[in-house]
Amino acid sequence: MSSNSGIQIPSRLPLLLTHEGVLLPGSTMRISVETARNMHLVKNRLLKGTSLKSTIIGVIPNTRDPEHDTEDLPPLHSIGTAGLAVQVVGSNWPKPHYTLLITGLCRFRVAQLLKEGPFPMAEVEQLDKLEQYTSPKEISEAAGPEGELGELSQRFYQAAVQLVGMLDMSVPVVAKLRRLLDSLPRETLPDVLVSMIRTSNKEKLQVLDAVSLEERFKKTLPLLTRQIEGLKLLQKTRKLRPDDDKRVLAVRKGGVLPGRQFSLDEEGDDEDGDDTAVLERKVKGANMPEPALRVCLKELKRLKKMPQSMPEYALTRNYLDLMVELPWSKSTTDCLDIHAARVLLDNDHYAMEKLKRRVLEYLAVRQLKSTLKGPILCFVGPPGVGKTSVGRSIARTLGREFHRIALGGVCDQSDIRGHRRTYVGSMPGRIINGLKTVGVNNPVFLLDEVDKLGKSLQGDPASALLEVLDPEQNHSFTDHYLNVAFDLSQVLFIATANTTATIPPALLDRMEVLQVQGYTQEEKVEIAHRHLISHQLEQHGLTPQQLQIPQDTTQDIISKYTREAGVRSLERKIGAICRAVAVKVAEGHKVTKSEAAPAESAPQGAEHGEEKRGRRGEEPDGVSTDMAAPPEMPIVIDHIALKDILGPHIFEMEVSERLTLPGVAVGLAWTPLGGEIMFVEASRMEGEGQLTLTGQLGDVMKESAHLAMSWLRSNAKTYQLTNMVGGSDPLEGTDIHLHFPAGAVTKDGPSAGVTMVTVLASLFSGRLVRSDVAMTGEITLRGLVLPVGGIKDKVLAAHRAGVKRVIIPKRNEKDLEEIPANVRVELDFVTARNLDEVLNAAFDGGFPGISNPLTLPHIASKL
Ligand code: ADP
């Protein structure tokens, strides 16, 4: 059998024993090298060798059970395949190993084992001819006429042609094989084809052992026929399903390597078939509209033709998975009962009457007309006033799913509308993702923080939102990723924002803005006791029997530890108290458990006659030090305990303390976080009449300062204002500096005009502004006071800060109606038409130079 012609393999070969299958001549196989023996072979032979010969090794199937493979050499299978190591890849993960890519050259028989370690080496006898064939015709002709062998080889060749014809030509290896089928020597065909078709290792071993060509043809022909029959059967079943692709997938998961990975695996095919069939069933069952279904079926068709190793396969697969998951026609039924909705809204939220009323109106209209288009509600107000939580309540009252989409910082329109599917890693936008998450097509979507949408080179997300929010357009919203329209008209959109100023006008135009104002101190106390405390207790695993926070403590938390329009930091502070108490309760539990001490034995503070006082007395050191005794329940948080837990006061009522110098007054400002008080300061020094402004002021504010200055200069005589040396022009020989604190924050707007006039009037006259007055209003050159915005928030801020009198423009009088009655009662409102009235109200006893200070329009709080 040995061949003396053609190429010779070396007569001594290092042997690689593998469990991973049978390498046949003419095929390529990946072999993982892990055993010490084989590792030595790779390291000492393959990696060190420099000649082509040193890359030829003998691959012998290791027939010993891998479980019982040991260090010593197993009995060698007598026939192996000489192979050329074309690639060696090393890796240290998960453990050191090599992966070899080996192409089989020819069979050999082990003549004699020369050495066993560190890797086996043997004297071998080459069994197959290894020709460098250049003229295939000759060879095939030579092989042709030899009687039975010739006939066998002809039959085999025909079967091979038939088989290759059934394979998918889009797979490169199949295409190559078809091209080479005629040019390959016929005697190599059995090995090449057997390594490709579905055969067991045992069958392959038999083929390897079939040294004579005739025997080899005889052994492989039935295997080939079996494969052809299998494929025919598969095609028949496919034909029954008209949409299926007629051709047969030839490649399984895992790649197109010829050899082990590349085989015509019927089961694998079936799996693929099943997989796509399941997907197809899902596509058809997803109840999508006609255009979407068409796209899906088209994609499905492409998917079936695609080998799984193609990157596009995963892309298409993901796309189809998303398409079938989307709630095209799944929806929840609204269970709207206006009465129940009212109760639920009232139960969930204290105060915010106006908002609740509008929400109920909205819901009522929806009940009467279910196809209501728009408007989209947009809740605008400071943080922590319950905008998000009202949105959640609306979803609950309707019995709908709720999904929040945070838009803060979104600056790429593909965040809303998705990426086109051509990008690697493309995704649908947040709207479609949200729909997938909730699984129904009529959820409540809360578009949180629409005022914080950004803009970037990647397009403007606000304009993408336009399409989403416009009831006229959103029934055919097209996400770039989906590329088919999805009907969003059933989705109930609610937006929230801190300010309307930064919402793009086109977007604002599509929404109905509902202002949510900040809360007064009293409202906050109520909210805390009705909602926040019980919520926090529950969150920390406590009960009202364990922790009590009295009303005056809540008031302290609100005024001394928080300064906000909403209740978020109040809730956090209550959370902090709960945590501190939870520690105490938990430690008390431990003590009672381990020592079985009765609870009554604990209190040392019980000598205080009054029971409540007793608990309070015990509380502070209980929190900070003594943990030996279990605390007496409930733990009541008083002022001392509060200081212990939350630390020293963060905010003080500071108004009266600051106004001890001329040239200071309290202004009122509006910010997206609610109203704020602001101390405006002025000082003067010798100079050349310059006005310096600091505190990061915008242009409007700078102009107000110049207006204020001009008005005062022109009226200096009337008001007896003087410069530093007593002259009648306040600016002569004098420089003025006007400062607005919190210099890190940019401020702009006209509403500080009256404050500037007051500050400067105080500076030039040397008189103190009343400590308990705060003011807001725009001024004109003639000394008129014009209306400004944000009155409610400003007044609430003044009230929080302990101000007693608030000066507002006359034309803002109507805004006072929005202010809660209890705040109105406590404040003294002065509505001013002109600056005379402002100055009169801001200084004790009026301002000199004004003819009749007693005509002060003075509304004493009742409106
Ligand atoms: P926003 O969305 O306005 O920033 P959230 O809705 O997140 O504020 O509210 C913050 C917290 O305050 C929530 O726990 C909410 O339940 C609570 N809250 C706010 N306002 C009220 C209210 N009027 N009644 C009850 N809880 C409220």
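1. K524 is buried, with a relative accessible area of 1%. In this predicted model, K524 belongs to helix α18. Leaving aside residues up to four places away in sequence, K524 touches Y519, I558, E564, A565, G566, V567, L570 and R800. The C-alpha atoms of K524 and Y350 are 9.0 Å apart, although 174 residues separate the two in sequence.

2. Y350 leads to the ligand site. The ligand has 18 residues around it, of which Y350, G384, K387, T388 and R568 come nearest. A backbone N or O atom of Y350 lies 2.7 Å from a nitrogen atom of the ligand. Two side chains supply further polar atoms: one of K387 is 2.8 Å from a ligand oxygen atom, and one of Y519 is 2.9 Å from a ligand nitrogen atom. The protein buries 86% of the 560 Å² that the ligand exposes when taken alone. Helices α13 (387–398), α18 (521–539) and α20 (568–595) are the elements that give two or more residues to the shell around the ligand. By class, that shell holds 8 nonpolar, 6 polar and 4 charged residues.

3. Two residues deserve attention for their backbone geometry. Most residues other than glycine have a negative phi. M352, by contrast, has a positive phi, near 40 degrees, and sits in the loop between α11 (338–348) and α12 (353–368). Because its relative accessibility is 9%, below the 20% limit, M352 counts as buried. E449 also has a positive phi, near 60 degrees; its place is the loop between β9 (444–448) and α16. With a relative accessible area of 26%, E449 is partly exposed.

4. Helix α16, which follows the loop of E449, spans residues 461–469 and is mostly covered, with 8 of its 9 residues buried. These buried residues are P461, A462, A464, L465, L466, E467, V468 and L469, so the charged residue E467 is among them. Helix α28 (residues 835–842) is likewise mostly covered: 7 of its 8 residues are buried. In α28 the buried positions are L835, E837, V838, L839, N840, A841 and A842.

5. On the chain as a whole, the secondary structure comprises 28 helices and 25 strands. The protein chain has 863 residues, and 51% of them count as buried. Of the contacts with a separation of 6 or more, 73% join residues 24 or more positions apart. The chain exposes about 39900 Å², and carbon and sulfur atoms supply 52% of that area.

6. The confidence of the prediction should be read alongside the points above. The mean pLDDT of the protein chain is 80, and 83% of its residues reach 70 or more. Among the elements, strand β23 (residues 805–809) has the highest mean pLDDT, 93, and helix α21 (residues 611–624) the lowest, 42. In two stretches the pLDDT is below 50: residues 133–145 and residues 852–863. Beyond near neighbours in sequence, residues 133–145 have 11 contacts in the model, and residues 852–863 have 20.

Key
Residues numbered from 1 in each chain as written. Heavy atoms only, no water. Buried < 20%, exposed > 50% of the residue type's maximum accessible area, 1.4 Å probe, protein only. Helix = DSSP H or I, 4+ residues; strand = E, 2+ residues; numbered from the N terminus. Near = heavy atom within 4 Å. Polar contact = N/O pair within 3.5 Å; in protein donor to acceptor, adjacent residues only side chain to side chain. Areas by Shrake-Rupley, 256 points an atom, 1.4 Å probe, with all protein chains shown as cover. Contact = heavy atoms within 4.5 Å. pLDDT = per-residue confidence, 0-100.
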